[in-house]
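Please read the following report alongside the sequence and the coordinates. It moves from a single side-chain contact to the chain as a whole.

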Amino acid sequence: MCGRYALHLRPSEVRERLAERDMNMPADEAPDDEDPSLRHTYNFAPGNTGLIYRAVYSQPDSTQDGEPSPKRAKTSHTSPKKSASSKEATKYKLQGAKWGLIPFWTKRAPDYSSQLRTINCRDDSLSTAGGMWNTMKQRKRCVVVAEGFYEWYKNPSNPKDKTPHYTKRKDGQMMCFAGLYDVVRYEGTETDIWTYTIITTDSNKQLKFLHDRMPVILEAGSKEMAEWLDPERVGWDKELQGMLKPFEGELECYAVDKGVGKVGNNSALFVVPVDSKANPKNIANFFGAGKAKKEAVKDEEDMEKEPDEKRETVVDAKGTEDNAPVPKPSATSTEDVRAAVKHEPGGDAPDLAIKAEPSDSLPTTKRETRSGLKRAASPMDRRSSSPQKKAKPAPATGGRKMRSAVSNDTVAKTPTKEGNARITAFFGK
């Protein structure tokens, strides 16, 4: 998790909600409400452009909107001292960004299936040095703004039977997912492209029935969130890692309309319980109320379709961090999407693999060791509805099995000393 969420509010509305006293997240800047790149929908999917909340650097050392130069983001294991003046000068903004992180070192636009791999980042993949997220976790931390998120419940007796569930805060506040972002400028272009990923962790007790993973939810206006966003805090330490934990507050979770499964569908009913009296599709409303039946039929016919959403939907993609149906562009094959979301690149599919950051942050010996490792398929990836279709996992070099940084692993594991394997061959050269 997270593979789909809701954010139908426009930037001005989000900005107003965040500035409320109980959230205390003022934004000094925000995109224009009429920005055509932004998607306002109850069915927000990977690849869409949404809103992240981040700090604005007061002393820019690069040309990209005050972003710190990656070379100057050095790993730190202790919190830097901050003066009162620097803390007061911190400003925040709502930034338009695309869901599916593209690292700053990427030279050309990646294919869509590769971007699906970076919509989520596992919390345990951040616990060791190096790896794909190394630069982002040190200074490019953000909050992903949402109203709630979706997860699909799999019927144990029939795995193909999936029921979407919507989860939101019980107090009605907006959700603040812990995230990482980056900004890239492709070779030969002058345009900065902002992208982000949502960090996931183990599910709390309330959501265990639904899935074993959930997004990390930070408390708005808390000291913890201030530390997470602090632009003066460069590096990664145990305190930051400790913030990535299951949500301890109260949530509401309930089944919703299956129409949310198809990318491009948009309806306010997607966040209304299927058994609610407010839902015209509730079967209870059909008895003794012909009018309710007509309204339900009318609502189904009037379901809004996003005019610029041309992607299809892969319902049975396996190996994803969540159970959400995956959006698929018409030019991309279903097989490519399935291979990408499994996030287990092998020698026969180099174009779908992920390239690691060209960094000198790791000793040569460690880099060489990591580059020689191959991930073994996770238990989730090895499952198949047909025995004949089961694929044998590729053995890891040296007899070790490495955990993917973003794909789903059904059993949480303690990171080894070597850390997570570096994600290789990212988005082409």
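## A local contact and its setting

In this predicted model, the side chain of Thr-106 places a polar atom 2.9 Å from the backbone oxygen of Pro-103. Thr-106 itself belongs to the loop that runs between strand β4 (91–99) and helix α3 (112–115). Although Thr-106 sits in a loop, its relative accessibility is 4%, and Thr-106 is therefore classed as buried, because that class takes in residues under 20%.

The cysteines offer a second point of interest. With a disulfide taken as a pair of cysteine sulfur atoms within 2.5 Å, the count for this model is zero. Cys-2 has a relative accessibility of 0% and so counts as buried, whereas Cys-253, at 24%, counts as partly exposed, because its value falls between the 20% and 50% cut-offs.

The three residues discussed here are set out below.

| Residue | Relative accessibility | Class |
|---|---|---|
| Cys-2 | 0% | buried |
| Thr-106 | 4% | buried |
| Cys-253 | 24% | partly exposed |

Turning to the whole protein chain, its secondary structure consists of ten helices and 16 strands. Of the 429 residues in the protein chain, 53% are buried, and the accessible surface of the chain amounts to about 20200 Å², with 50% of that area belonging to carbon and sulfur atoms. Among the contacts in the protein chain whose separation is 6 or more, 74% join residues that are 24 or more positions apart.

Methods: Residues numbered from 1 in each chain as written. Predicted model: local features only at pLDDT ≥ 70, side-chain atom pairs only at ≥ 80, totals over all residues. Heavy atoms only, no water. Buried < 20%, exposed > 50% of the residue type's maximum accessible area, 1.4 Å probe, protein only. Helix = DSSP H or I, 4+ residues; strand = E, 2+ residues; numbered from the N terminus. Polar contact = N/O pair within 3.5 Å; in protein donor to acceptor, adjacent residues only side chain to side chain. Contact = heavy atoms within 4.5 Å. Areas by Shrake-Rupley, 256 points an atom, 1.4 Å probe, with all protein chains shown as cover.
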